[in-house]
Amino acid sequence: MRYNEKELQALSRQPAELAAELGMRGPKKGSVVKRRLVKLVVNFLFYFRTDEAEPVGALLLEHCRVTHEEPTSFSISFVEDPERKYHFECCNEEQCQEWMGALRRASYEFMRRSVIFYRNEIQKMTGKVCTGHGKWEVVPRPGLMPPVHHTGPPGTVRHIGGGPVPAEWLEGMSLGLGLGSSA
C-alpha cells in the first residue's frame with residue numbers, strides 16, 4: 001500500500017478514539033511481548049515505544065479480523081494473510097473487550113454498513129431519503145401510490161418507474177381516465 005509518511009505521522013498526532021499502554025507481540029516467529037503505547041485513530045492503529053513521540057508502526061484496520069485469544073488478550077490478523085497475527089495483552093478483561101469492540105467498529109466497511117443501516121431507518125421513520133450533500137427528499141412510503149403519469153392509450157396508467165400501476169392502488173380513486181370507481 002502506498003502512503004505519505006508525513007501525513008501518516010500527522011494522523012498519528014490526532015486525538016485518539018482509544019489509547020492505552022498494552023503488551024504487543026508482532027507476527028514474526030520468536031518475537032517477544034513489548035510494552036507499547038497503542039492508539040486508535042479513525043481506522044489506523046498506531047503503536048509507539050513508550051518513550052517516543054513518533055509511531056514505530058501502524059496497522060490499517062481494513063479486511064482484518066479481531067479475535068479474542070484469552071480473557072485479557074486479542075489478536076489482529078488480515079484476510080489476505082491470516083497467519084500473520086499481531087497479539088495484544090490488556091490489563092484486564094474489560095479493557096480487552098473495549099479494545100476489541102473499538103477495533104471492530106473502526107473499519108471503513110463497518111462505518112459504511114452503519115451509514116446505510118441508519119439511512120434506511122431514517123427513511124422508514126420519516127419517509128425521507130438523503131440525496132447527498134445534506135439534502136433530504138420525500139419518497140413515497142410503501143403502500144402509497146407513487147407519482148403517476150399517462151403514457152399510453154386512454155384507459156391505461158403507468159407509474160414513473162415505467163411498470164403498470166397495481167390495481168389495488170387505483171381502487172376507490174377516480175383519475176379522470178375512466179379507471180377505478182368514483183366514490
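Visitor: Is Glu-52 buried, partly exposed or exposed, given its relative accessibility?
Guide: The model is predicted, so local features need pLDDT of at least 70 and side-chain atom pairs count only at pLDDT 80 or more, while totals for chains, interfaces and linings use all residues. Residues are numbered from 1 along each chain as its sequence is written, and side-chain values use heavy atoms, without hydrogens and water. Buried means under 20% relative accessible area and exposed over 50%, with partly exposed in between (1.4 Å probe, protein chains only). Because Glu-52 has a relative accessibility of 38%, the residue counts as partly exposed.

Visitor: With which residue does the side chain of Glu-52 meet in a salt bridge?
Guide: A salt bridge requires a side-chain nitrogen of Lys or Arg within 4 Å of a carboxyl oxygen of Asp or Glu. For Glu-52 the N to O distance is 3.5 Å. The partner is partly exposed, at a relative accessible area of 37%. That partner is Arg-49.

Visitor: How many salt bridges are found in the whole structure?
Guide: Side chains of opposite charge can pair when their charged atoms come close. The pair of Arg-49 and Glu-52 is one example. A search of the whole structure gives a total of seven.

Visitor: How many residues apart in sequence are the parts tied together by the pair of Arg-35 and Glu-21?
Guide: The side chains of Arg-35 and Glu-21 form a salt bridge, 3.6 Å from N to O. Strands are DSSP runs of E with at least two residues, helices are runs of H or I with at least four, and both are numbered from the N terminus. Since Arg-35 belongs to strand β2 and Glu-21 to strand β1, the pair links parts whose separation in sequence is 14 residues.

Visitor: What is the relative accessibility of Glu-21?
Guide: Its partner Arg-35 counts as partly exposed, with a value of 40%. Glu-21 also counts as partly exposed, and its value is 41%.

Visitor: About how many helical turns separate Glu-121 and Lys-124?
Guide: The side chains of Glu-121 and Lys-124 meet in a salt bridge of 3.3 Å, N to O. Both residues lie in helix α3, three residues apart, so their separation is about one helical turn.

Visitor: Which residue of the pair, Glu-121 or Lys-124, is exposed?
Guide: Glu-121 has a relative accessible area of 25%, so this residue is partly exposed. A relative accessible area of 61% belongs to the exposed residue, Lys-124.

Visitor: Which residues are joined into one network by salt bridges?
Guide: The network arises where salt bridges share partners. Its members are Glu-109, Arg-112 and Arg-113.

Visitor: In which helix is Met-111 placed?
Guide: Met-111 has a relative accessible area of 34%, so the residue is partly exposed. Its helix spans residues 108-126 and is α3.

Visitor: What is the approximate phi of Val-42?
Guide: Most residues other than glycine have a negative phi, and most peptide bonds are trans. Val-42 sits in the loop between β2 and β3 (44-49), and it is partly exposed at a relative accessible area of 38%. Although Val-42 is not a glycine, its phi is positive, at about 55°.

Visitor: Between which two strands does the loop with His-63 lie?
Guide: His-63, a residue other than glycine, has a positive phi near 55°. At a relative accessibility of 59%, His-63 counts as exposed. The loop that holds His-63 runs between β4 (57-60) and β5 (64-70).

Visitor: What distance separates the C-alpha atoms of Ala-16 and Val-38?
Guide: Ala-16 is found in the loop between α1 (5-12) and β1. With 34% relative accessibility, Ala-16 counts as partly exposed. Ala-16 and Val-38 are 22 residues apart along the chain, and their C-alpha atoms are separated by 9.5 Å.

Visitor: Which residue is 13 residues from Arg-65 in sequence and 6.1 Å from it in space?
Guide: Arg-65 is part of strand β5. Its relative accessible area is 55%, so Arg-65 is exposed. The distance of 6.1 Å runs from C-alpha to C-alpha, and the other residue is Phe-78.
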